[in-house]
Amino acid sequence: MIRWSFRWPWLPAGVTLTGALVEFLGVRPSRSRNHLVLIFLTIGLSILLRGVMQKVWGKNPLAVPPLAGEQPLTILGATILPQAIWILLATALAITLLVLFFRYTTTGLAMRAVASNPTAAAVVGLTVRRLRTLSFALAGFLGGLAGVLITPITTLRYDVGVLLGLKGFAAAILGGFGSFPGAIVGGVALGLLESLGAAYVSSVWKDTIAFLVLLLVLFVRPHGLLGKAVRS
């Protein structure tokens, strides 16, 4: 039986609004468009938000009930939690909708144009600032949806997103930064490396093994598995 909490639908909506406010109040006023400056700026904003969450909700981990019970299922000899199935289904649906959005909608194509060349996009009449805010809001919504789905099998803390964000960034680099299929392949590869490391070595070393393989791959292919090499 699916158990919905009345607060759950509001969580992605709240994070969507937070993402838009981060761009509108934090990133947009910056006078520098240098990527390194913006990266440090967003890191500072994340620290600020974690401090606010710590003050509001405290430091103690919180538990969230799963959507469809806690009884494990056996599929082809493998034991899997029902919540993991929800995560797989939601991930597949989100990827499909994102592909359709960025390829076949006017807004999605405009966002791709701004990401590729904001100056040229502004010249042809695209509202660059609004599209940037929309991209942050979309990222916030996806992050909120991911949090709602993954929290029942982990824990809810004010700083839980640090390691998850680092792994997501590592997966994007592993697959090829800027490549949509590469991000998917990188995420799956990183997850498999963690699982195999925990099964055959030790769960203590699973993060170390995953990032070590990431470094080895980048030594051989600096542009990632599916990324394109850029000539300077």
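A salt bridge is a side-chain nitrogen of Lys or Arg within 4 Å of a carboxyl oxygen of Asp or Glu. In this predicted model, the side chains of Lys 167 and Glu 194 meet that description, with 2.8 Å from N to O. The pair joins distant parts of the chain, since Lys 167 belongs to helix α7 (residues 161-175) and Glu 194 to helix α8 (residues 180-200), 27 residues apart. Both partners are charged residues in buried positions: Lys 167 has a relative accessible area of 15%, and Glu 194 has one of 14%. Because the limit for buried is under 20%, Lys 167 falls on the buried side of it, as does Glu 194.

The structure holds three salt bridges, and the other two can be described in the same terms. Glu 23 pairs with Arg 28 through their side chains, at 3.4 Å from N to O. Here the two ends sit in contrasting surroundings: Glu 23 is buried at 4% relative accessible area, whereas Arg 28 is partly exposed at 22%. Asp 159 forms a salt bridge with Arg 157, and the closest N and O atoms of this pair are 3.3 Å apart. In this case Asp 159 is partly exposed, at 28% relative accessibility, and Arg 157 is also partly exposed, at 33%.

The helices joined by the Lys 167 and Glu 194 bridge also pack against one another. The axes of α7 and α8 lie 7 Å apart, at an angle of about 115°, and α7 passes α8 in a right-handed crossing. On the α7 side, the contact is made by Lys 167, Ala 170, Ala 171, Leu 174 and Gly 175. From α8 come Gly 182, Ala 183, Gly 186, Gly 187, Ala 189, Leu 190 and Glu 194. Both salt-bridge partners, Lys 167 and Glu 194, are thus part of this helix contact.

Helix α8 has a further packing partner in α9. The axes of α8 and α9 are 8 Å apart and the angle between them is about 135°, which makes α8 oblique to α9. This crossing is right-handed as well. Leu 190, Leu 193, Glu 194, Gly 197 and Ala 198 of α8 meet Lys 206, Asp 207, Ile 209, Ala 210 and Val 213 of α9. Glu 194 and Leu 190 of α8 therefore appear in the contact with α9 and in the contact with α7, given that contact means heavy atoms within 4.5 Å.

What, then, makes up the largest nonpolar core? Seven residues do: Ala 170, Ala 171, Leu 174, Leu 190, Ala 210, Leu 214 and Val 217. Helices α7 and α9 (206-220) each supply at least two of them. Within this group, Leu 214 is in contact with Ala 170 and Leu 174, leaving aside neighbours within four places in sequence. Another core lies apart from this one and has six residues, including Ala 110, Ala 121, Val 128 and Leu 131. As a general background, nonpolar side chains in soluble globular proteins tend to be buried together.

Other residues of interest complete the picture. Ile 173 is found in helix α7 and is partly exposed, with 23% relative accessibility. Not counting residues up to four places away in sequence, Ile 173 touches Leu 218 and Gly 224. The C-alpha atoms of Ile 173 and Asp 159 are 23 Å apart in space, with the two positions 14 residues apart in sequence numbering. Val 160 lies in the loop between α6 (128-150) and α7, and at 23% relative accessibility this residue too is partly exposed. From Val 160 to Leu 196, 36 residues apart along the chain, the C-alpha separation is 23 Å.

Gln 83 offers a polar residue in a buried setting. This residue is placed in helix α3 (residues 82-104), and its relative accessibility of 2% counts as buried. Which residues are in contact with Gln 83, leaving aside neighbours within four places in sequence? They are Pro 66, Leu 67, Val 148, Leu 149, Pro 152 and Ile 153.

Technical notes: Residues are numbered from 1 along each chain as its sequence is written. This is a predicted model: local features need pLDDT of at least 70, side-chain atom pairs count only at pLDDT 80 or more; totals for chains, interfaces and linings use all residues. Side-chain values use heavy atoms; hydrogens and water are left out. Buried means under 20% relative accessible area, exposed over 50%, partly exposed in between (1.4 Å probe, protein chains only). Helices (H or I, at least four residues) and strands (E, at least two) are DSSP runs, numbered from the N terminus. A nonpolar core is a set of buried Ala, Val, Leu, Ile, Met, Phe, Trp, Tyr and Cys residues joined through side-chain atoms within 4.5 Å. Axes are lines fitted to C-alpha atoms, for helices over the stretch in contact, and angles run from 0 to 180 degrees between N-to-C directions. Angles under 35 degrees count as roughly parallel, over 145 as roughly antiparallel, 65 to 115 as roughly perpendicular and the rest as oblique. A crossing is left-handed if the near helix is turned anticlockwise from the far one by less than a right angle, and right-handed if clockwise.
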